[in-house]
Amino acid sequence: MKTKLIQAPQTEPVTVEFVRKHAEIDDDIDSENILLEALISAAREHAEHICGRAFADQTWEGVLDSFSLSNIGLPLTPILSIASIKYIDVNGVEQTLNNTVYGLDDYGMAHSVALMPGQNWPAVSSSVINPIKIRFVAGYTADTVPNVVKHWICLRVAQAFKNREAYAESGFVEMPFVDRLLDSVRTYK
């Protein structure tokens, strides 16, 4: 499934104040707060990439060429909701699939769109690229982000903040012990 981000997170799993306390950064300079905000976002995105999870509430859209399976795996977890499933029918008209046809299977590490019992996927146009669009909201709410992720973000931000020149050159550097903290929330697909 190919995906694109529709709406980026509006809040991060940790605040600048939380990171400042965690990293013992005392001086409250506005320009440093801007840097810390950017580093928090970068760390969250890095953790999401490593883990195959969304750690902040965000909307994505995935596309498919056909409804070939009864369950359609979604590339991120956890899924908070399926906003819509739209498709181009055999007559070339965009339709919105009724949500009684499908449901969210959110058990286990990987979540999917499941065909409800007694239902069938509709026929789609074979002459259109990406005729199926699944829009979904993935992520944790601020109070449900795993503490290990918050801790990892703080450690990564502190390291990047205190070693700005190295971060500017190569991004997040290898920190095997710190990165192992994410093992408990990593998805293996």
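In this predicted model, Val-19 is buried, with a relative accessible area of 0%. Val-19 has its place in helix H1. Leaving out residues up to four places away in sequence, Val-19 touches Val-14, Glu-24, Leu-36, Ile-40, Cys-154 and Val-157. These partners lead to other parts of the chain. One further marker is Ile-153: Val-19 and Ile-153 are 134 residues apart along the chain, yet their C-alpha atoms are separated by 8.4 Å.

Ile-153 has its own set of contacts. Apart from neighbours within four places in sequence, Ile-153 is in contact with Pro-13, Val-14, Ile-40, Ala-43 and Arg-44. Val-14 and Ile-40 are thus among the residues in contact with Ile-153, and Val-19 touches Val-14 and Ile-40 as well.

In soluble globular proteins, nonpolar side chains tend to be buried together. The largest nonpolar core of this model has 26 residues, and within this core Ile-153 and Val-157 touch the most other members. Which elements give two or more residues to this core? They are helix H1 (16–23), H2 and helix H3 (147–162). The most comes from H3, which gives eight residues. Apart from this core lies another one, of 21 residues, and its members include Phe-67, Ile-85, Tyr-87 and Phe-136.

Before turning to that second core, it is worth following helix H2. H2 covers residues 30–51, which makes 22 residues, and it reaches 31 Å from its first C-alpha to its last, close to the 32 Å expected at 1.5 Å a residue. An α-helix has 3.6 residues a turn, so residues three or four places apart point the same way. The buried residues in H2 are Glu-32, Asn-33, Leu-36, Leu-39, Ile-40, Ala-42, Ala-43, Arg-44, Ala-47, Glu-48 and Cys-51. Among them, Leu-36 and Ile-40 are touched by Val-19, while Ile-40, Ala-43 and Arg-44 are in contact with Ile-153. Just after H2, Gly-52 has a positive phi of about 70°.

The strands come next. Strands of a sheet pair through backbone hydrogen bonds, either parallel or antiparallel. One open sheet consists of five strands in the order E1-E2-E8-E4-E5, with antiparallel pairing. Its edge strands are strand E1 (2–7) and strand E5 (94–96), and each of them pairs on one side only. On average, neighbouring strands of this sheet are turned by 25° against each other, direction ignored. Within this sheet, E2 and E8 are joined in the antiparallel sense over seven bridges, and Gln-58 stands opposite Ala-138 in E8.

A further open sheet has three strands, in the order E3-E7-E6, and its pairing is antiparallel. Why is one side of E3 and of E6 left without a neighbour in the sheet? E3 and strand E6 (102–105) stand at the edges and each has a single partner strand, so one side of each has no neighbour there. The twist from one strand to the next averages 25°. E3 and E7 pair in the antiparallel sense over three bridges, and Val-113 in E7 is the bridge partner of Ile-72. E6 and E7 run antiparallel and are joined by four bridges. Facing E7, Gly-103 stands opposite Ala-114 and Asp-105 opposite Ser-112. E6 and E7 form a hairpin with six residues between them, and Gly-108 in the turn has a positive phi of about 80°.

The last topic is the aromatic rings. A pair of aromatic rings is described by the distance of the centres and the angle of the planes. With centres counted as paired within 6.5 Å, the model has three aromatic pairs. In one of them, the rings of Phe-67 and Tyr-87 have centres 6.3 Å apart and planes at 75°, so this pair is edge-to-face. Phe-67 lies in the loop between strand E2 (58–64) and strand E3 (71–73), and Tyr-87 lies in strand E4 (residues 79–88), so the pair ties together parts that are 20 residues apart in sequence. Phe-67 is buried at a relative accessible area of 11%, and Tyr-87 counts as buried at 11% relative accessibility.

Phe-67 has another ring partner, Trp-121: their centres are 4.6 Å apart and their planes at 5°, so this pair is stacked. The pair links distant parts of the chain, 54 residues apart, since Trp-121 lies in the loop between strand E7 (112–115) and strand E8 (132–138). Trp-121 is buried, as is Phe-67. Phe-67, Tyr-87 and Trp-121 together form one aromatic cluster.

Technical notes:
Residues are numbered from 1 along each chain as its sequence is written. Side-chain values use heavy atoms; hydrogens and water are left out. Rings of Phe, Tyr and Trp (its six-membered ring) pair if their centres lie within 6.5 Å; planes under 30 degrees apart count as stacked, over 60 as edge-to-face and the rest as tilted. Buried means under 20% relative accessible area, exposed over 50%, partly exposed in between (1.4 Å probe, protein chains only). The expected span of a helix is 1.5 Å times one less than its number of residues. A nonpolar core is a set of buried Ala, Val, Leu, Ile, Met, Phe, Trp, Tyr and Cys residues joined through side-chain atoms within 4.5 Å. Contact means heavy atoms within 4.5 Å. Two strands pair if DSSP finds at least two bridges between them. Axes are lines fitted to C-alpha atoms, for helices over the stretch in contact, and angles run from 0 to 180 degrees between N-to-C directions.
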